[in-house]
Amino acid sequence: MAEADGLDDRDAAGHLLWAAQLRPEGQLGPGVRVFRHGSATAVASPALSGRDRIAVDGKEEDALVLVRDEVLAATGPGYRPFGDAELIAALVRGTPGLTVAAGPEFLWMETTAPPSDVPEGVAWLDRRGEKEAATVFDHCFPDSYAQPGRPGTRRWAGAYDPDGTLLAVAGDAWSGAGCGFMAGVVTRPEARGRGLGAAVSRFVVAALVREHGRAALMVDADNTAAVAAYRRAGMSGQGFGAAAARAWGSARPS
């Protein structure tokens, strides 16, 4: 069990690549740490999409030893493990003080193939457009981690009404080499049902796949409209879970 210098060919899971926040030359993002034990890899990434996170993957028995005995001790309890839902459930069962994180069930969705039908009428926003997008979030999605001007957000795509009103946006946020990430997809209520969320999603997904080889996102599993739109953009989903530490001590399960 040891801390590693970076990722290798074993670490192809999209959420590991995302958490690594790799630079184009392959270096880990600022503050990112990688840990390995047997088949398991854990990537601790600070301030990633609004939280300090630990992406974990591998066999349950290896991941449990890794996260319980090394990673949480190295990072502190403020970091939240996330990954395959069954794997996270096993970590919670085997780690004193670790509990399932509050909130709805969610999916990790990704694709390595760009959509075949990138829509017309969607474009990257200029600075003026991003200011308008900020007002869309203020009124329609104020709790979004990804919003124009916030750390980690890179650029925003938008779709306009013929009268010049910005109706839907989607962001490129917390992307890294090997895994582009889409976040902050929102449509004005009066424009919903017209396929605009799917349109801006396909536009951003196509750009991320071209630039990074993979596009990914996280979405609440019960948000059926959003999940359907992302599937139309060619993305497939996997049930994920997250855990949080109530407290941390030296106790270990028998």
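This passage walks through a predicted model of a single chain, from its overall form to a few of its residues.

The overall form is a good place to begin. The chain holds six helices and 13 strands. Its C-alpha trace spans about 65 × 35 × 30 Å along the principal axes. A compact globule of 254 residues would have a radius of gyration near 18 Å, and the value for the chain is 19 Å, which agrees. Of the 254 residues, 52% are buried. The accessible surface comes to about 11,700 Å², and carbon and sulfur atoms account for 48% of it. Contacts often reach across the sequence: among those between residues at least 6 apart, 69% join residues at least 24 apart.

Strand β13, which covers residues 236-245, offers a helpful route into the fold. Strands β5 and β13 run antiparallel and are joined by three bridges. Here Phe82 stands opposite Ala242 of β13. Strand β6 also pairs with β13 in the antiparallel sense, again over three bridges, and Val100 faces Ala243 of β13. The pairing of β7 with β13 is likewise antiparallel and extends over five bridges. In this case Trp108 has Gln238 of β13 as its bridge partner. As background for reading such strands, side chains in a regular strand alternate between the two faces of the sheet.

Aromatic rings add another layer to the picture. A pair of aromatic rings is described by the distance of the centres and the angle of the planes. With centres within 6.5 Å as the cut-off for a pair, the count comes to ten aromatic pairs. One of them joins Trp18 and Trp108, which form a tilted pair with 5.7 Å from centre to centre and 50 degrees between the planes. Trp18 belongs to helix α1 (residues 14-20) and Trp108 to strand β7 (residues 106-111), so this pair ties together parts that are 90 residues apart in sequence. Both partners are shielded: Trp18 is buried, with a relative accessible area of 0%, and Trp108 is buried too, at 3% relative accessibility.

A further ring pair involves β7 and β13. Phe106 and Phe240 are arranged edge-to-face, with their centres 6.3 Å apart and their planes at 75 degrees. Because Phe106 lies in strand β7 and Phe240 in strand β13, the pair ties together parts that are 134 residues apart in sequence. Phe106 and Phe240 are both buried. Ring pairs also link these residues into a cluster, made up of Trp18, Phe82, Phe106, Trp108, Phe181 and Phe240. Phe82, a member of this cluster, has already appeared above as the residue opposite Ala242 in β13.

Helix α3 (residues 85-94) packs against several other elements. Its buried residues include Leu87, Ile88, Ala90, Leu91, Val92 and Gly94. The buried residues of α3 pack against strands β4 (51-57), β5 (80-84), β6 (98-100) and β13, as well as helix α2 (60-75). Strand β13 is thus met again here, now as one of the packing partners of the helix. At the N-terminal end of α3, Asp84 serves as a cap, with a side-chain oxygen 3.1 Å from the backbone nitrogen of Glu86.

The loops hold points of interest as well. Gln147 is found in the loop that runs between α4 (127-140) and β9 (153-160). Despite its place in a loop, Gln147 is buried, with a relative accessible area of 8%. Leaving aside residues up to four places away in sequence, Gln147 touches Phe137, Asp138, Phe141, Pro142, Thr153 and Trp156.

Two residues deserve a look for their backbone angles. Most residues other than glycine have a negative phi. Ala47, however, has a positive phi near 50 degrees. Ala47 is found in strand β3 (residues 40-48) and counts as exposed, at 55% relative accessibility. Ser49 also has a positive phi, of about 50 degrees, although it is not a glycine. Ser49 lies in the loop between β3 and β4. Are these two residues buried or exposed? Ala47 is exposed, whereas Ser49 is buried, with a relative accessible area of 6%.

Note on methods: Residues numbered from 1 in each chain as written. Predicted model: local features only at pLDDT ≥ 70, side-chain atom pairs only at ≥ 80, totals over all residues. Heavy atoms only, no water. Phe/Tyr/Trp six-rings, centres within 6.5 Å; stacked < 30°, edge-to-face > 60°. Helix = DSSP H or I, 4+ residues; strand = E, 2+ residues; numbered from the N terminus. Buried < 20%, exposed > 50% of the residue type's maximum accessible area, 1.4 Å probe, protein only. Contact = heavy atoms within 4.5 Å. Polar contact = N/O pair within 3.5 Å; in protein donor to acceptor, adjacent residues only side chain to side chain. Rg over C-alpha atoms; globule rule 2.2 N^0.38 Å. Areas by Shrake-Rupley, 256 points an atom, 1.4 Å probe, with all protein chains shown as cover. Pairing = 2+ DSSP bridges.
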